[in-house]
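Subject: Structure handover

Hello,

Here is the structure you asked to look at. Please open it alongside this note; my findings follow below.

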Amino acid sequence: PILGETVGWRRWVAVLIGFSGVMLILRPGSAMFSSDSIMPVLAALMMASYGLMTRFAARNDSAQTSFFWTGIVGATGMSLVVPLAWSPLQGNDWIWMATLCLASTGGHFMLIKAFDMAEASVLQPFAYIGVVTSAVVGFLFFADPVTAAMLTGGGIVIAAGLFTFWRERVQARAAEADTG
């Protein structure tokens, strides 16, 4: 509604189902939620705001222009903050930092390009996959336990994303048939 994009009932259902999967994974009201949960909630609000602003910008600017200006603003902002907390990189840290920079730069451009090419409501169910990915990383690298609720919620999130993908393909084919 904020973007003025048309969102059909099937997309709303897919977004809500994906969100229910996330809630199943996170288990609101459990002991996990505490004052420490404020930071991830703020991060989610910032990411949502960023997505909205990126979609607004995509109406007038190319993905390359948005990518350039977000890079300039980010570099300027970080240049002001980094001197306060900088510690020199040592040994293999340079390799990890270069890997992080390349991966985040590529991911950032792909996110901007996605908002340039598709409506936000189409992309939202796929955004929930980040929660599933976080659970997998937590399990593989930090020995976080995997629960039945996490597996079920992850399956729901993935199913909502696949449904959205399938539905968009059906609509694209129908649009091609109408014009062809």
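K113 is partly exposed, because its relative accessibility of 30% falls between the 20% and 50% limits. Keep in mind that this is a predicted model. K113 has a charged partner, D116. Their side chains form a salt bridge, with 3.7 Å from N to O. Side chains of opposite charge can pair when their charged atoms come close. D116 is partly exposed too, at a relative accessible area of 28%. Both residues belong to helix α4, which covers residues 93-117. They sit three residues apart, about one turn of the helix. The count of salt bridges comes to one.

Next, the nonpolar cores. Which residues make up the largest one? There are seven: V15, V22, I25, Y128, V132, M150 and V157. Helices α1 (9-26) and α7 each supply at least two of them. The largest share, three residues, comes from α1. Another core lies apart from this one. That second core has five residues, including F115, A118, A120 and V122.

V22 deserves a look of its own. Setting aside neighbours within four places in sequence, V22 contacts Y128, V131 and V157.

Now helix α7, residues 148-179. Does its length come out as expected or not, and what is the span? With 32 residues at 1.5 Å each, the helix should span 46 Å, because the expected span uses one less than the number of residues. The end C-alpha atoms are 47 Å apart, which agrees. Several α7 residues are buried, among them M150, G153, G154 and V157. A160, G161, T164 and R167 are buried in α7 as well. M150 and V157 also appear in the largest nonpolar core.

Just ahead of that helix is a loop, between α6 (129-142) and α7. A143 is found there. A143 has a positive phi of about 55 degrees, although it is not a glycine. Is A143 buried or exposed? A143 counts as exposed, because its relative accessibility of 68% is over the 50% limit.

Last, S66. This residue is in helix α3, residues 63-85. S66 is buried, because its relative accessible area of 11% is under the 20% limit. Which residues does S66 touch, leaving out those up to four places away in sequence? They are A57, D61 and I112.

If you have time for two stops, try the K113 and D116 salt bridge, then A143 in its loop.

Best wishes

Methods. Residues numbered from 1 in each chain as written. Predicted model: local features only at pLDDT ≥ 70, side-chain atom pairs only at ≥ 80, totals over all residues. Heavy atoms only, no water. Helix = DSSP H or I, 4+ residues; strand = E, 2+ residues; numbered from the N terminus. Buried < 20%, exposed > 50% of the residue type's maximum accessible area, 1.4 Å probe, protein only. Contact = heavy atoms within 4.5 Å. Salt bridge = Lys/Arg side-chain N within 4 Å of Asp/Glu carboxyl O. Core = buried A, V, L, I, M, F, W, Y, C linked by side-chain atoms within 4.5 Å.
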